[in-house]
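Reader: I am new to this structure and should be grateful for a guided introduction. May we look at it together?

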Amino acid sequence: MINNSLLLAKYILQGINMALQISGETSYSNSFDVKVTNEGVYFIPRMPASYVVDDDLYQKLFLIMNAVLYPEYTLLKQSGAYFVPLDTDDIHVKRALFFPWVKGISKRLVISDIDSFVERLPLNKIPIMENLTIDLNKVTSFAIAGNSGSGKSYALTYMLCVLKRSSQLVIVDPKFDMPSRWGRENNVPVVAPNASRSKSDFVSEVNSELSKALELIQQRQQVLYNNPTADFEHYTVVIDEVLALSDGVAKPIKDGFFSLLSQIALLGRASKVHLLLVSQRFDNNAIPISVREQLNVLVQVGNINSKTTQFLFPDLSLEGIVIPQGIGTGLIQVIDSEHPFQIVPLLTPTFNKLEGIM
Ligand SMILES: Nc1ncnc2c1ncn2[C@@H]1O[C@H](COP(=O)(O)OP(=O)(O)OP(=O)(O)O)[C@@H](O)[C@H]1O
C-alpha cells in the first residue's frame with residue numbers, strides 16, 4: 001500500500017516517463033511534474049513545451065495513470081482535458097491537467113437486511129457503492145437506463161428503499177409492476193394505468209401529478225423569497241418506463257408531459273423537488289433535451305457500448321474504463337457542485353429479497 005503522496009507521485013512519474021511518448025520529453029528533462037493530493041493527481045507541464053497540451057495528451061495520461069494506480073485508486077473519466085490554474089508566480093508552471101480520483105475500485109454493496117440498512121442510514125445519504133455515496137442535497141434529477149433484463153428494476157427498487165428514508169415519494173408505473181407493489185407495501189402513492197382507461201387518459205393523470213409537483217415548487221419558491229434559508233423535505237417523482245409514457249399519446253398530452261418534466265427538472269433544485277426517471281433509453285422521444293441536460297445522476301446498466309451510452313453519455317470515449325462483468329453492472333456519473341464530470345464503473349447494490357414485491 002502506497003500511502004505517502006510524494007512516493008506515489010514519484011511512482012506515477014515513473015509510469016509516465018516510461019509509457020508516454022512525447023518528443024522524447026520526460027520529467028528528467030524537467031518537461032513536466034506530477035503532484036498528488038487527496039482529490040487526485042496534477043500533471044504539471046513546464047511551458048512552453050515541445051508537446052501539445054490538449055485532450056489527446058489528457059486521455060493518454062488517463063490511460064497510463066489509471067493502469068498504474070489500479071486497484072489503489074480509480075481515476076474519474078472526463079470528457080475532455082481538465083485544466084486547473086495553480087497558485088504560483090512562475091508562469092512556466094501556472095497550470096496543470098487535473099485527474100480527480102476516488103480511493104479504491106468500485107465495489108458492490110451487499111446488504112443482508114435492507115430494512116435495517118435504511119433505518120441506520122444518515123439522512124440525505126444515498127450509498128451506491130462502497131466508495132461512492134450521493135448526497136441528496138447536492139443533486140436534483142436521476143436517470144436509470146438499461147435494456148430489458150439488465151437490472152434496471154432491481155436498481156430502481158433499491159433507490160426507492162433508500163430514497164424513502166429522506167424523501168417523500170410519488171410513483172408513476174406504466175407497467176403496473178414492481179414499483180406499484182413496492183408503493184402498496186410502503187404506503188407510497190402510485191399512478192398506474194387500469195384496463196378501462198385509454199393511454200392518453202393515463203398520461204393526463206400523470207400530468208396532473210406532475211402539476212402538483214410544479215405547484216409545490218412554486219409554493220416553496222414563495223417561501224424562499226421571504227426566507228432564503230428555509231429548508232424543505234425532499235420530494236421525488238419517480239417515473240418508471242418513461243418511454244412507454246411519451247410514446248403513442250395524443251400530441252397535446254405529450255407536449256404537456258414534456259413541458260412539465262422540463263419545468264420540474266429546471267426549477268426543482270432549490271425547492272428540493274427531484275425526478276427519478278427510468279427508461280430503456282433516453283433519446284429525444286423519451287424526454288426533452290432540456291430534461292436530459294439537467295440530469296445529474298446518470299446510470300446505465302447492462303451492455304455498455306457506444307450505442308447504449310450515446311444518450312446519457314454522448315461525449316464519453318470508453319477507452320480506459322474498466323467495466324465490471326456480471327449482473328447489475330454498468331456506469332454511473334454524478335454531477336454535483338464538487339464534481340463537474342465524473343464517470344465511474346458501477347456495480348448496483350445487492351440486497352435481500354423483498355417479500356411480496358420482487
Ligand atoms: N445488483 C444486483 N444484485 C443481484 N441481482 C441482481 C442485481 N441486479 C439485477 N439482478 C438480477 O438480475 C435480474 C434482472 O434484473 P431486472 O429484473 O431488474 O432487469 P430489468 O432491466 O428491470 O428488466 P425488465 O426491464 O425486463 O424488467 C433479476 O433476476 C435481478 O434479481
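The following exchange takes up the sheet, one helix and an annotated site in turn.

Author: This is a predicted model, in which local features need pLDDT of at least 70 and side-chain atom pairs count only at pLDDT 80 or more, while totals for chains, interfaces and linings use all residues. Residues are numbered from 1 along each chain as its sequence is written.

Reader: Which strands stand at the edges of the open sheet?

Author: Strands here are DSSP runs of E with at least two residues, and helices are runs of H or I with at least four, numbered from the N terminus; two strands pair if DSSP finds at least two bridges between them. Eight strands form the open sheet, with mixed pairing, in the order E11-E10-E12-E13-E9-E14-E15-E16. One side of each edge strand is left without a neighbour in the sheet, because each has a single partner strand; these are E11 (190–191) and E16 (343–347).

Reader: Which residue is the bridge partner of Val297 in E15?

Author: Strand E14 (residues 295–301) pairs with strand E15 (residues 329–334) in the antiparallel sense, over five bridges. In E15, the partner of Val297 is Val334.

Reader: Within what arc do the buried residues of H5 fall?

Author: A residue is buried if 20 or more other C-beta atoms lie within 10 Å of its own, exposed if 12 or fewer, and partly exposed in between, with C-beta atoms placed from the backbone. In helix H5 (residues 178–185), Pro179, Ser180, Trp182 and Gly183 are buried. They line one face of the helix, because seen down its axis, in directions taken from the axis to the C-beta atoms, they fall within an arc of 160 degrees.

Reader: Which residues are exposed on the other side of H5?

Author: The buried residues of H5 pack against helix H4 (152–166), strand E10 (167–172), E11 and E12, where contact requires C-beta atoms, placed from the backbone, to lie within 7 Å. On the other side, the exposed residues are Arg184 and Glu185.

Reader: Is Lys152 buried or exposed?

Author: An unreviewed UniProt entry includes Lys152 in a "binding site" annotation; such annotations may be inferred rather than shown by experiment, and feature names are shortened, with positions in the numbering used here. Lys152 lies in helix H4 and, leaving aside neighbours within four places in sequence, is in contact with Ile144, Gly146, Val278 and Val301. Because it has 25 C-beta neighbours inside 10 Å, Lys152 counts as buried.

Note on methods:
Contact = placed C-beta atoms within 7 Å.
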